[in-house]
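Visitor: I'm new to this one, so please pick a single spot and take a close look at it with me. After that, walk me outward to the rest.

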Amino acid sequence: MFDFYSKRKIFIAIPLVIILIGIVFFFVNGGFVLDIQFQGGTLMQIELNDSDFDTNNPNADLVKAEEIITDIVDKRVTVRHTHSMAGSAEGGKRMDYLVVGVATGDEMLSDAEQGQIVSALREEFNIKEDAQIDAEGVNASISKDLRSKGLLAVIIASILMLVYIWIRFNIMSGLLAGLTAVLALIHDITIMLSVYVIFGIPLNETFIAALLTILGYSINDTIVSYDRIRENSRLSRKDTIDELVNKSINQSLSRIISTSITTLISVITVYIFASISGITSLKEFSFPIVVGVIAGTYSSIFIASPLWAGWKSSQQKKHISQKA
């Protein structure tokens, strides 16, 4: 039987290193990279049919396009590649597009600036003269409202989970169990944010949707572990806190890991399919899910229950010392 309790400080230290690296990148890069949905600005969609743009492996060209546009507007720029099918499913023609986001707040890029961007990209990637070009503005106030409502949704979800665990696991000092479960959720959130800031991935509304999905997934794994602790506390009343937690985690380990592996296989498959097919929205949703499942599984096994046990043990020792 593996001793999770005695090694809890090591297991807590490992994600802290990742979070600290994320904090360093946060200050070095000047904060999170926010997509236009979270900043407000201008979205341009430029047709790439018959161009020299490498639609099969666009990453290098996306970086080049971002550099070109940044030199023109001197604002935060995001560039991605997407495509759609024109015509019937069998005889349809694939249409590739470059989607450019420029953080301009409430104001759109001027016609002159849009023209400069298109001309520079046309010169670099041989975009044809009659290429379809669409531009639209994203209101900054709506973007701020979207961010605040997304944050509010995460806070409300965490509070409701805390109350639920408080009531359900009263035998485990319900409030304490709820607090450690929420701390595990905070771990999941900060790990996901750290990965995004380290790799410079833009945050958008898809990230909020993925985050809420992961909170539900992670708390479910934590509850599996808590359920086992609750049952063993009734069956093995003579066990110490560390024995109880170690036994419970080892008993629930196979279920948690098998569920996570199954989920990861499915989500990674979706991510690969979306990457190959150029379905950006699906790719942007599946990537944080992969990160979140890994972080959530880790926190459910190595953080939530051992942290509860350490906290509970210290409370018991304090209570005994006060009696003495």
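**A close look at Q114**

Guide: Let's start with the company Q114 keeps: setting aside neighbours within four places in sequence, Q114 is in contact with M44, M108, L109 and A135, where contact means heavy atoms within 4.5 Å. Before we go on, a word on what you're looking at: this is a predicted model, where local features need pLDDT of at least 70 and side-chain atom pairs count only at pLDDT 80 or more, while totals for chains, interfaces and linings use all residues. Residues are numbered from 1 along each chain as its sequence is written, and side-chain values use heavy atoms, with hydrogens and water left out.

Back to our residue. Q114 sits in helix α4, which covers residues 111-125; helices (H or I, at least four residues) and strands (E, at least two) are DSSP runs, numbered from the N terminus. Q114 counts as buried because its relative accessible area is 15%. The cut-offs are under 20% for buried, over 50% for exposed and partly exposed in between, using a 1.4 Å probe and protein chains only.

Now hop to helix α7, residues 205-235, where I229 is found. With a relative accessible area of 0%, I229 is buried too. Not counting residues up to four places away in sequence, I229 touches M172, L244, V245, S248, S305 and W308. For a sense of scale, the C-alpha atoms of I229 and D61 are separated by 53 Å, and the two residues are 168 apart along the chain. T206 lies in helix α7 as well. At 14% relative accessibility, T206 counts as buried, and beyond its neighbours up to four places away it touches S281, E284 and F285.

Time to go out to the surface. A nonpolar patch of about 990 Å² is made there by L151, I155, I159, V163, W166, I167, L175, L179, L183, I186 and W311. Patches are made of residues with over 30% relative accessible area and no salt bridge, with like charges joined within 9 Å and nonpolar side chains (Val, Leu, Ile, Met, Phe, Trp, Tyr) within 5 Å. A salt bridge is a side-chain nitrogen of Lys or Arg within 4 Å of a carboxyl oxygen of Asp or Glu, and accessible areas come from the Shrake-Rupley method with a 1.4 Å probe, where for residues only the protein chains shown count as cover. Helices α5 (140-168) and α6 (174-199) each supply at least two residues of this nonpolar patch, and α5 gives the most, with 6 residues. One of the patch members, I159, is in α5 and counts as partly exposed at 46% relative accessibility.

There's a charged patch as well: E66, E67, D71 and D74 gather in a patch of negative charge on the surface. E66 has its place in helix α3, residues 59-73, and counts as partly exposed at 34% relative accessibility.

Finally, step back. The protein chain has 9 helices and 4 strands, running α-α-β-α-β-β-α-β-α-α-α-α-α from the N terminus on. Its C-alpha trace spans about 85 × 45 × 30 Å along the principal axes. Of its 324 residues, 45% count as buried.

Note on methods
Lys and Arg count as positive and Asp and Glu as negative; His and the chain ends are not counted. The place of a charge is taken as NZ of Lys, CZ of Arg, CG of Asp or CD of Glu.
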